[in-house]
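Colleague: I would like to request a close look at the charged side chains of this model. Please explain the terms as they arise, for the benefit of a first-year student.

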Amino acid sequence: MIRSELVQKLCEDHPDLTLKEVERVVSAFFDSIIEQLQNGGRVELRGFGAFSTRGRDARKGRNPRTGEPVDVSAKKVPYFKPGKEMRERLNV
């Protein structure tokens, strides 16, 4: 499911809301998660899962086209851990 499909599904489930209102809610939801992760926080949605970040160390990489070594800097990457309820529903 992509973002536009999510917005469309929510519009169908809530006919009292306009498309623009649903888009604003979805954007605000995603922006809040991103902002919390940028600040080094964690977002936990009970029954769904938890979003957090993990650090990756700097390393030597390789340019796949030329084969030359490349320095890859340290960075944070998003991490998602599914909740117990999600795991149970997926493994029925």
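Modeller: A residue is called exposed when its relative accessible area is over 50%, buried when that area is under 20%, and partly exposed in between. By this scale Asp-71 is exposed, because its relative accessible area is 62%. The model under discussion is a predicted one.

Asp-71 is a suitable starting point, as this residue takes part in a salt bridge with Lys-60. The closest N and O atoms of the two residues are 2.8 Å apart. Such a pair counts as a salt bridge because a side-chain nitrogen of Lys or Arg has to be within 4 Å of a carboxyl oxygen of Asp or Glu. Asp-71 belongs to strand β4, which covers residues 69–72, while Lys-60 belongs to strand β3, residues 59–62, so the pair ties together parts that are 11 residues apart in sequence. Lys-60 is exposed as well, with a relative accessible area of 61%.

The structure holds five salt bridges, and further examples involve Glu-44. Glu-44 is bridged to Arg-42, with 2.9 Å between the closest N and O atoms. The side chain of Glu-44 also meets that of Arg-46 in a salt bridge, at 3.3 Å from N to O. Through salt bridges that share partners, Arg-42, Glu-44 and Arg-46 are joined into one network. Within this network, Glu-44 counts as partly exposed, because its relative accessibility is 40%. Arg-46, at 75% relative accessibility, counts as exposed.

Other charged residues form a patch on the surface. Arg-54, Lys-81, Lys-84 and Arg-87 make up a positive surface patch. The residues of a patch have no salt bridge and over 30% relative accessible area, and like charges are joined within 9 Å. Lys-84 meets the requirement on area, because its relative accessible area is 58%, and this residue is therefore exposed. Lys-84 is located in helix α3, which covers residues 84–90.

A last charged residue to consider is Glu-21, which is found in helix α2, residues 19–38. Glu-21 is partly exposed, because its relative accessible area is 32%. From Glu-21 to Asn-91 the separation is 70 residues in sequence and 35 Å in space, taken from C-alpha to C-alpha.

In summary, the charged side chains described here include the bridge between Asp-71 and Lys-60, the network of Arg-42, Glu-44 and Arg-46, and the positive patch to which Lys-84 belongs.

How values were computed:
Residues are numbered from 1 along each chain as its sequence is written. This is a predicted model: local features need pLDDT of at least 70, side-chain atom pairs count only at pLDDT 80 or more; totals for chains, interfaces and linings use all residues. Side-chain values use heavy atoms; hydrogens and water are left out. Patches are made of residues with over 30% relative accessible area and no salt bridge: like charges are joined within 9 Å, nonpolar side chains (Val, Leu, Ile, Met, Phe, Trp, Tyr) within 5 Å. Accessible areas come from the Shrake-Rupley method with a 1.4 Å probe; for residues, only the protein chains shown count as cover. Lys and Arg count as positive and Asp and Glu as negative; His and the chain ends are not counted. The place of a charge is taken as NZ of Lys, CZ of Arg, CG of Asp or CD of Glu. Helices (H or I, at least four residues) and strands (E, at least two) are DSSP runs, numbered from the N terminus. Buried means under 20% relative accessible area, exposed over 50%, partly exposed in between (1.4 Å probe, protein chains only).
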